[in-house]
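The following exercises concern the structure displayed below. Each task is followed by a solution in steps.

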Amino acid sequence: MKFAYKFSNLLGAVYRQGNLSFSKDGNAVISPVGNRISIFDLKSNTSVTLPLSTAKNIACVGISPNGNFAIVVDEDGAALLVSLITRAILHHFHFHKPVNSIRFSPDGRKFVITKENVALLYHAPGKQRELNAFVLDKSYHGPYDETTCIDWTDDSKCFAVGSKDTSTWVFGAERWTNLTCYSLGGHKDVIVGCFFEKDSLDLYTVSQDGVLCIWESDTELDCLVLKNKPDKAKMPRQDEEEQEEEDEREEEAHEVIRGKTQKSKSEEKTKKVRYKHVSKHFFNKERDLNKLTAAAYHKPTRILVTGFASGIFHLHELPEVNLIHSLSISDQKIASVALNCSGDWIAFGCSGMGQLLVWEWQSESYVFKQQGHFNNLASLAYSPDGQYIATGGDDGKVKVWNTNSCLCFVTFTEHTSSVSNVAFTSTGLVVLSASLDGTVRAFDLHRYRNFRTFTSPRPAQFSSLAVDASGELVSAGAQDSFEIFLWSMQTGRLLEVLGGHEGPVSCLCFSPVQSILASSSWDGTIRLWDMMDSWQVKETLHLTADALSVVYRPDGQELAVATLNGEISFWNPNTAAQVGSVAGRHDLETGRKETDKVTAKHLSKAKCFTSLCYSADGESILSGGQSKFVCIYNVKEQMLLKKFEISCNLSFDAMEEFLDRRKMTEFGSLALVDEGAGDKDGVNISLPGVRRGDMSSRHFKPEIRVSSLRFSPTGRSWAATSTEGLLIYSLDGSLVFDPYDLDLDVTPASIRKQLRLQEWAAAIVLAFRLNETALKQEVLETVPHQQILVVCGTLPEVYVEKLLGFVATCLEKSAHLQFYMTWAESLLMLHGQKVKNRSGSILPTLQALQKSIHRHRDNLAKLCDFNLYNIRYAVALSKQRAMKRASEQEEKSQEDDDDDDDDDGQSEEMSQASLDDEEMIL
């Protein structure tokens with residue numbers, strides 16, 4: 001239960017290769033990242049990676065028109081039918097050859113895939129339950145070279161296929177009398193895109209040399225005539241088994257349509273669909289060799305988007321081919337372009353830089369702009385509240401990611417060489433990074449700037465970094481001069497150079513409770529430096545092999561060291577005595593690379609752990625290295641608890657334990673053969689010591705490895721930087737029955753009975769004994785707001801920590817903010833001293849609570865800042881209205897007084913007149 005971590009998300013990479021797609025509503029981008037699928041919600045600005053993966057990198061993705069299904073195909077042709085609603089795999093299928101493109105028909109009843117020079121039409125999986133989800137309907141042969149792109153007409157009657165042989169073929173989805181297939185030429189280069197006009201057979205074709213051809217059809221879609229099927233002769237009655245066999249044979253047999261160069265006599269009688277070449281347009285200027293690499297067309301608005309190899313895209317209005325605007329968005333080629341349903345947003349994917357951009361062309365602004373590390377990730381660090389993750393890569397960039405939205409919100413590019421380590425200060429407002437360019441830089445997360453740069457007297461390559469608990473001392477270890485440098489954060493001055501190691505310094509770590517620095521080196525020693533006593537060596541721990549990583553337990557009472565012989569040893573830093581060790585070499589289970597002459601079993605003898613991290617409670621340790629596995633060990637029992645396989649992507653090297661015999665020839669492995677193709681798999685002979693393959697080769701397979709590991713301070717998740725990216729594993733939040741102190745009388749009925757009797761404390765205790773999340777939430781939210789303080793005072797001590805942890809979890813998601821804040825405040829006020837005494841075990845709970853409160857405070861602060869002027873305006877308006885009402889009331893009262901005066905005058909005049917009348921009568 002405690003280690004029920006599951007894959008949660010993939011950060012550090014947003015796009016690798018393949019085609020981009022928009023969701024049905026147009027508010028989310030579906031992007032293939034390696035062998036996984038990431039969905040970026042553009043409205044809520046969040047990212048999520050589906051919990052499924054293919055065997056190799058994804059080549060193309062097809063989304064159904066209703067947005068419920070997706071067909072994901074990898075480089076080998078293995079396909080997955082995925083539900084985008086439940087995020088589950090519904091069906092596996094294999095096309096046996098690499099698939100170039102896939103496209104659903106607009107009515108959602110069929111889909112076309114292109115492989116080699118053939119287009120295959122399948123029945124799309126429907127709502128009815130089917131034994132075989134993919135049923136082949138027709139296969140179309142026509143092009144002589146590989147097919148590249150597909151487009152359907154709006155009524156799903158015909159589709160067009162572009163090819164590398166510079167031709168475009170129009171095929172009928174049914175057996176039309178006047179259109180079976182039609183071939184269009186006119187280009188001199190590979191067809192990149194072919195697009196039908198809305199509700200028409202008119203066609204636009206775009207080729208790689210930047211040429212647009214416009215084709216006009218002489219037939220409307222309504223004029224297509226369906227060919228009559230010949231009636232089958234009635235078969236005599238057969239046995240049921242024979243009938244079933246014949247039905248199966250009929251299902252297996254599909255229609256094959258081949259493009260013909262000559263017409264038959266029967267075809268000459270009927271009038272066929274004909275195309276006329278209307279015009280040709282050139283995107284490139286004269287002598288400009290900018291290749292067109294991607295294209296997309298929006299039929300309702302008639303907008304054509306073309307992306308080029310130089311990173312420029314053009315926006316044209318068809319059929320007049322008027323340029324709306326063009327923009328350069330990258331240094332690398334644009335690999336994929338997609339438009340959403342309304343045609344307002346355009347998504348661009350650049351595989352060379354790992355960029356994903358969404359551009360709103362009407363306002364000429366970015367809706368979404370993300371870029372991952374386009375090289376290996378070297379290190380990561382969690383902020384103290386667990387809200388942010390900082391990563392450093394071999395591309396020299398430092399990126400900070402938000403764990404809630406899973407997106408990067410700031411990138412620092414000041415380093416000129418690869419970043420070897422990153423760290424947060426205790427406040428969480430400063431990120432430090434060490435680089436091989438000889439600098440350690442401090443970045444401010446308020447103003448997003450580099451406010452300190454620490455350098456050494458002589459140029460040195462820094463491979464390790466550590467900052468003390470106060471955030472005042474910054475230390476970095478050099479791998480060429482064997483020295484440790486100490487700087488002051490306040491002044492930026494070099495305080496001391498610590499010498500004594502006889503090999504490169506591999507790792508540094510400050511004690512969480514004392515001013516002691518632990519340094520590990522390739523000379524086989526761990527040195528403990530006292531920061532208070534003139535930076536002298538306090539202890540020297542001698543190891544049996546070179547030390548690669550060192551880490552303190554969160555309470556500072558234990559030290560874990562990973563060595564080159566594959567062992568993890570545990571030391572007491574106070575007595576300098578070894579208290580235990582774990583032999584983890586066999587747990588790594590390394591794979592065999594394609595070029596290795598030695599088996600994986602013998603290779604594992606040279607493998608070791610390169611990264612260690614204690615869990616938040618200090619009871620277990622996370623370890624990873626030159627393998628696809630991450631191991632969790634129990635420190636006390638010194639045994640393996642669980643092993644995680646971080647990747648199953650066979651596109652990486654060293655994934656399989658045994659090499660495929662089909663790749664072995666009498667001359668050796670096929671991986672060593674240079675095929676001479678510049679854009680395909682080429683030579684893969686890596687130089688000694690090169691981790692990422694031979695960079696001079698035409699193509700290389702990166703080796704799978706884990707470079708850094710960190711537990712979240714909340715204890716709910718952990719992160720690993722690997723060849724694939726930044727992987728987040730978190731605890732599964734689904735319903736799991738895990739009672740704490742179960743008894744016969746602990747039932748949901750008895751808990752609700754206590755609630756009816758208003759025995760709040762007893763109901764809470766029973767709910768936590770049964771330990772069901774929904775029931776605990778129901779009990780807590782039933783307690784009256786006024787009774788919270790009384791209930792917290794009568795709770796047993798055992799349940800205080802459990803209730804605090806549950807409140808921290810609920811506070812993260814619930815809308816009852818004040819209610820749960822009152823629970824947290826009452827618990828901490830009444831049981832604060834007892835919690836403080838057990839701070840070591842309860843620390844993850846408190847950090848989770850702090851993270852939730854901090855996030856809510858940020859959201860409310862933004863909301864208040866955003867609404868501040870609106871509130872001021874409303875107040876000013878209400879004051880004006882109040883003044884207006886007051887003035888209106890005064891005017892009314894004055895009018896009433898005037899009316900009263902008039903009435904009084906009239907009454908006096910009437911009375912005077914009546915007196916005069918009386919006198920006259922007398």
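The model is predicted.

**Exercise 1. The surroundings of a histidine**

Task: Determine where His-298 lies, which backbone atoms its side chain reaches, and whether the residue is buried or exposed.

Solution.
Step 1. Begin with the polar atoms. A polar atom of the His-298 side chain lies 2.8 Å from the backbone oxygen of Cys-341.
Step 2. The side chain of His-298 also reaches the backbone nitrogen of Gly-343, at 3.5 Å.
Step 3. Locate the residue: His-298 belongs to strand E23, which covers residues 292–298.
Step 4. List the contacts. Leaving aside residues up to four places away in sequence, His-298 touches Ile-303, Leu-339, Asn-340, Cys-341, Ser-342 and Gly-343.
Step 5. Classify the exposure. The relative accessibility of His-298 is 8%, so the residue counts as buried, the cut-off being under 20%.

**Exercise 2. A loop residue**

Task: Place Ile-329 relative to the strands and describe its environment.

Solution.
Step 1. Ile-329 is in the loop between strand E26 (322–328) and strand E27 (336–339).
Step 2. Its relative accessibility is 10%; Ile-329 therefore counts as buried.
Step 3. Apart from residues up to four places away in sequence, Ile-329 touches Gly-311, Phe-313, Ile-334, Phe-348, Gln-355, Leu-357 and Tyr-366.
Step 4. Consider a separation along the chain: Gly-307 is 22 residues from Ile-329, and their C-alpha atoms are separated by 9.9 Å.

**Exercise 3. A sheet and its edges**

Task: Give the strand order of the open sheet that contains E2, and identify its edge strands.

Solution.
Step 1. The open sheet consists of four strands in the order E2-E3-E4-E5, with antiparallel pairing.
Step 2. Strand E2 (21–22) and strand E5 (46–49) are the edge strands, because each pairs on one side only.
Step 3. Examine one pair. E2 and strand E3 (residues 28–33) are joined in the antiparallel sense over two bridges.
Step 4. Name a bridge: Ser-21 has Ile-30 in E3 as its bridge partner.
Step 5. Recall the principle: strands of a sheet pair through backbone hydrogen bonds, either parallel or antiparallel.

**Exercise 4. Cysteines**

Task: State how many disulfides the structure holds, and classify the exposure of Cys-223 and Cys-792.

Solution.
Step 1. A disulfide is a covalent bond between the sulfur atoms of two cysteines.
Step 2. The structure holds zero disulfides.
Step 3. Cys-223 has a relative accessibility of 42%, so this cysteine counts as partly exposed.
Step 4. For Cys-792 the value is 0%, and the residue therefore counts as buried.

Methods. Residues are numbered from 1 along each chain as its sequence is written. This is a predicted model: local features need pLDDT of at least 70, side-chain atom pairs count only at pLDDT 80 or more; totals for chains, interfaces and linings use all residues. Side-chain values use heavy atoms; hydrogens and water are left out. Buried means under 20% relative accessible area, exposed over 50%, partly exposed in between (1.4 Å probe, protein chains only). A polar contact is a pair of N or O atoms within 3.5 Å; within protein, one must be able to donate a hydrogen and the other to accept it, and residues adjacent in sequence count only if both atoms are side-chain atoms. Contact means heavy atoms within 4.5 Å. A disulfide is a pair of cysteine sulfur atoms within 2.5 Å.
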